[in-house]
Amino acid sequence: MKFSVTGEKLVDYLSKLNSVIPTRSPLPILDNILFELSGNELKLLASDLEIFIRTTIEVKGEKDGKVAIPAKKLLEISRTLTSATLVFDVNEKNRVTIKTKNGKYTIGGEPSEDFPVPEEKGDLNNLEFDGRTLRRCLSKVIHAVNTDELRRNMSGVLLDVKQGELKFVATDGFRLGKIIKDNFKVKSDIEEKIIIPLKTSNLILRLNNGEDSVIEFDENDLKVTFGEIEIYSKLIDDTFPSYENVIPDNNDKILKIEKSALASSLRRALIFADAITKRVRLELTSNTLTIKADNPEIGSEGEETIEGSFTSTGGDEDFDNTPFVIAFNAQYLIDAVSQMDTGHSSGDDEPKIGVDGVLVDSGDDESKSIPEGKINISFGSSSKAAIITPSEQRKNENYIELIMPVRVG
């Protein structure tokens with residue numbers, strides 16, 4: 001096999017594959033990336049056996065062939081040669097020689113036959129997404145996915161497909177994110193539910209920069225295609241919990257409040273809350289929200305009052321004389337509040353990236369103007385789940401966050 005490619009171009013593609021290569025694997029072959037050259041088309045494949053990522057790069061090909069090349073070493077040398085043209089020459093013993101204008105480097109490769117490849121299936125269910133819909137839906141709920149391996153049925157994002165409706169749901173038993181896209185068109189009469197693993201969902205968010213996407217699936221396997229990338233993944237073979245029954249439909253107490261003020265206050269309260277429970281206490285009157293946090297073990301306390309409108313549709317309760325009191329995990333509240341859309345317009349669709357590199361908010365071509373800054377939180381009692389929503393939903397969309405309260409204390 002022989003071809004040439006710029007170092008900068010190669011690094012870009014190798015970096016996309018690097019996220020799936022296991023740090024420790026019982027199969028040494030998985031430390032490699034499979035190179036397969038046909039004409040000027042070079043296919044690169046990486047895997048941890050649960051997930052495969054394949055991408056295609058245009059190169060100047062001279063001799064077709066296949067070889068598995070150690071990923072870490074190749075990425076390290078390529079990163080130091082981004083401005084150079086790299087000429088790859090692989091002999092019959094899988095020795096890989098990389099030549100530049102000023103140097104020559106040799107790496108021991110592995111036979112391509114030893115590298116696992118994904119199973120290509122026909123007759124799969126097929127869903128097509130425009131540039132940002134898939135990314136937006138995953139990003140809105142992924143923070144609520146359970147990370148406890150013992151509850152495997154919650155360790156991914158539920159994709160529920162019906163005619164005219166697409167639903168993404170995630171929950172860890174303490175909180176839940178759900179987004180529904182109405183008027184979603186599918187080519188056939190698909191009515192299926194699948195659970196996309198958390199790692200796969202994160203990879204889609206990390207690698208998809210807004211390209212149109214295609215999801216193909218059956219009861220066991222998933223294939224996601226966008227741009228020059230194909231992701232193959234196993235689905236979670238379990239039943240997603242019956243979550244609809246825990247979503248209250250009669251919360252009669254409504255708080256309308258500025259998103260930024262609430263988020264900032266919660267972040268400050270979290271500093272003073274117990275490190276394990278992260279509990280904050282909310283006390284609501286008709287015009288104010290007081291957030292309190294304390295950690296008796298270290299003697300820390302925090303209290304802050306911000307403006308908000310709190311009303312009840314279920315009676316003549318006097319919240320000024322008897323404030324409504326409820327407590328939550330502050331981090332869960334912060335995560336939920338941060339997802340709410342405020343102040344976006346149809347042209348404001350730049351993705352918002354969190355500190356961990358995961359998309360936490362994005363625009364949508366179907367969006368309409370959202371009232372600046374406001375969100376709604378509905379409550380029932382101090383022991384019932386609260387529901388957080390944007391003050392106005394986007395067109396053809398219904399998005400909610402649910403959070404279970406904790407003991408007031």
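**Figure 1. Phenylalanine 3, a buried ring in a predicted model.** Welcome to the first close-up of this predicted model. With a relative accessibility of 0%, phenylalanine 3 counts as buried, since buried means under 20% relative accessible area. Its partner in this view, phenylalanine 88, also has 0% relative accessibility and therefore counts as buried.

**Figure 2. Phenylalanine 3 and phenylalanine 88 as one of the aromatic pairs.** The structure holds 10 aromatic pairs in total. How far apart are the ring centres of phenylalanine 3 and phenylalanine 88, and at what angle are their planes? The centres are 4.8 Å apart and the planes stand at 5°, so this pair is stacked; planes under 30 degrees apart count that way. Phenylalanine 3 belongs to strand S1 (residues 2–6) and phenylalanine 88 to strand S7 (residues 85–90), so the pair ties together parts that are 85 residues apart in sequence.

**Figure 3. The tilted pair of phenylalanine 129 and phenylalanine 184.** Here the two rings lie 5.4 Å from centre to centre, with 40° between the planes, and the aromatic pair is tilted. Phenylalanine 129 sits in strand S10 (residues 125–129) and phenylalanine 184 in strand S13 (residues 175–184), so you are looking at a link between distant parts of the chain, 55 residues apart. Are these two phenylalanines buried or exposed? Both phenylalanine 129 and phenylalanine 184 are buried.

**Figure 4. An aromatic cluster of phenylalanines.** Which residues come together here? One aromatic cluster is formed by Phe310, Phe319, Phe324, Phe328 and Phe379.

**Figure 5. Lysine 16 over the ring of tyrosine 13.** In this view, lysine 16 lies over the face of tyrosine 13. The distance to the ring centre is 4.9 Å.

**Figure 6. Helix H1 crossing helix H2.** Helix H1 (residues 7–18) and helix H2 (residues 71–79) have axes that come within 9 Å and cross at roughly 145°. The crossing in which H1 passes H2 is left-handed. On the H1 side, the contact is made by Gly7, Leu10, Val11, Leu14, Ser15 and Asn18; on the H2 side, by Leu74, Leu75, Ser78 and Arg79. Sorted by character, the residues of this contact are 5 nonpolar, 4 polar and 1 charged.

**Figure 7. The whole chain, for orientation.** Stepping back from the close-ups, the protein chain has 6 helices and 28 strands. Its C-alpha atoms fill a box of roughly 85 × 55 × 40 Å along the principal axes. Of its 409 residues, 52% count as buried. Among contacts between residues at least 6 apart in sequence, 67% join residues at least 24 apart.

Key. Residues numbered from 1 in each chain as written. Predicted model: local features only at pLDDT ≥ 70, side-chain atom pairs only at ≥ 80, totals over all residues. Heavy atoms only, no water. Phe/Tyr/Trp six-rings, centres within 6.5 Å; stacked < 30°, edge-to-face > 60°. Helix = DSSP H or I, 4+ residues; strand = E, 2+ residues; numbered from the N terminus. Buried < 20%, exposed > 50% of the residue type's maximum accessible area, 1.4 Å probe, protein only. Lys NZ or Arg CZ within 6 Å of the ring centre and 35° of its normal. Axes fitted to C-alpha atoms, helices over the stretch in contact; angles between N-to-C directions. Left-handed = near helix turned anticlockwise from the far one by under 90°. Contact = heavy atoms within 4.5 Å. Nonpolar A, V, L, I, M, F, W, Y, C, P; charged D, E, K, R; others polar.
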